[in-house]
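This report goes through one protein chain, from its overall fold to its nonpolar cores and one buried arginine. The sequence and structure come first.

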Amino acid sequence: MTLGEFPITYAVKHRDYKIRMSSRSGGVFTALSDYVLSSGGVVYGAVLNDKLETLHFRAHCKNERDMMRGSKYVQSNMGDIFKSVKSDLDSGILVLFSGTLCQIDGIKAFLGMKYDNLLLVDILCHGVPSPKVWKKYLEWMETLHGKCFEVEFRNKKDFGWAEHVETLDFQNNKVPKRVDSRIYTTIFYSHNALRPSCYLCPYKDILHPGDITIADFWEIDKACPGFNDNKGVSLVFINNVKGLNVFKEVTCDLEASETLLKDSVRPSMFTLFSQPDTRDGFWKDFNYRDFKMIAKKYGGYGLLNSIKGKVSHILNQRIVH
């Protein structure tokens with residue numbers, strides 16, 4: 001392992017199958033955060049709270065860290081977390097801070113200096129939807145199914161790593177109900193709900209602000225044939241010497257194969273998403289119409305979905321939207 005002009009890229013899978021299946025992709029975040037926690041450090045990352053709102057959180061043990069696993073397709077509320085990070089760093093505590101590239105750049109700007117005891121892990125981002133859209137979607141789903149108490153934005157265990165299906169668990173008169181849906185997913189990938197800044201993202205580059213960058217390795221079959229088992233593979237960019245040194249410390253927990261940079265990246269990593277022609281109409285509808293209409297017009301919800309849901313519910317006690 002040597003650091004050249006460009007980042008070093010790896011295909012990575014955690015050796016512990018249970019950890020990998022509990023992770024969104026290959027489980028590399030768990031390996032990195034385990035290293036920090038076992039060294040007496042703390043980990044910062046995005047979690048869902050009891051209200052299913054996304055916010056950044058400070059974890060000092062594995063149980064708290066485990067809440068950070070999995071994707072959250074909602075903008076994270078940072079609150080006063082930057083102040084907490086600075087306090088930990090000034091106290092000499094080892095800190096892993098994870099977030100989108102703009103959040104990593106934000107913490108670097110806030111701190112204004114380099115810390116040897118800070119490991120920055122940025123997560124490649126497709127764009128960040130407004131929390132308002134997630135909140136309204138959730139409220140609408142609760143009118144149909146009861147109180148939602150758990151969400152998987154991408155259900156890998158039931159549908160495989162390559163699929164993008166959100167699964168929501170509800171409680172209705174003490175009767176649990178599981179709903180699989182692509183409505184929010186469809187809205188997300190339409191790019192209508194992204195924040196305005198995402199269309200002008202300055203981080204569409206091979207150079208990233210973090211020490212290590214992690215992502216789903218969607219080009220795995222080209223970059224490393226035979227490595228993919230549809231259980232999840234992480235793409236890892238080693239961006240500097242600090243990232244390289246930490247990665248060396250965790251490779252005992254990982255299956256890691258170095259890949260060619262040119263085979264590992266996708267065009268979307270460098271290309272800005274254009275603002276859709278439908279975006280203004282989406283937000284006008286969002287602000288003045290009920291969410292059922294939004295789901296039908298922009299999320300693919302309709303008669304076919306209802307029929308599938310009824311059949312699935314009869315056969316599997318599970319609903320599909």
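## Overall fold

Among contacts in the chain between residues at least 6 apart in sequence, those joining residues at least 24 apart make up 68%. The model is a predicted one. Its secondary structure consists of 14 helices and 12 strands.

The C-alpha atoms fill a box of roughly 55 × 40 × 40 Å along the principal axes. For 321 residues, a compact globule would have a radius of gyration near 20 Å, and the chain agrees with this because its own value is 20 Å. Of the 321 residues, 52% are buried. The area that the chain exposes is about 15600 Å², and carbon and sulfur atoms supply 53% of that area.

## Nonpolar cores

In soluble globular proteins, nonpolar side chains tend to be buried together. In this chain the largest nonpolar core has 35 residues, and the members that touch the most others are Trp134, Tyr137, Leu168, Ile187 and Phe282. At least two residues of this core come from each of helix 6 (131-145), strand 6 (147-152), strand 7 (166-172), helix 8 (183-190), helix 12 (279-288) and helix 13 (291-298). Helix 6 is the biggest contributor, giving six residues.

Which residues does isoleucine 187 contact, leaving aside its neighbours within four places in sequence? The partners are Val133, Asn192, Ala193, Phe282, Phe291, Ile294, Tyr298 and Gly299. Apart from the largest core lies another core, of 25 residues, and its members include Phe29, Ala59, Val250 and Leu254.

## Arginine 279

Arginine 279 sits in helix 12, an element that also supplies at least two residues of the largest core. Is arginine 279 buried or exposed? Its relative accessibility is 10%, and buried means under 20%, so arginine 279 counts as buried.

Beyond its neighbours within four places in sequence, arginine 279 is in contact with Asn192, Leu194, Arg195, Pro196 and Tyr199. Asn192 is also a contact of isoleucine 187. With leucine 194, the side chain of arginine 279 reaches the backbone oxygen at 2.9 Å.

Serine 39 lies elsewhere in the chain: from arginine 279 it is 240 residues apart in sequence and, C-alpha to C-alpha, 47 Å apart in space.

Methods. Residues are numbered from 1 along each chain as its sequence is written. This is a predicted model: local features need pLDDT of at least 70, side-chain atom pairs count only at pLDDT 80 or more; totals for chains, interfaces and linings use all residues. Side-chain values use heavy atoms; hydrogens and water are left out. A nonpolar core is a set of buried Ala, Val, Leu, Ile, Met, Phe, Trp, Tyr and Cys residues joined through side-chain atoms within 4.5 Å. Buried means under 20% relative accessible area, exposed over 50%, partly exposed in between (1.4 Å probe, protein chains only). Helices (H or I, at least four residues) and strands (E, at least two) are DSSP runs, numbered from the N terminus. Contact means heavy atoms within 4.5 Å. A polar contact is a pair of N or O atoms within 3.5 Å; within protein, one must be able to donate a hydrogen and the other to accept it, and residues adjacent in sequence count only if both atoms are side-chain atoms. The radius of gyration is taken over C-alpha atoms; the globule rule is 2.2 Å times the number of residues to the power 0.38. Accessible areas come from the Shrake-Rupley method with a 1.4 Å probe; for residues, only the protein chains shown count as cover.
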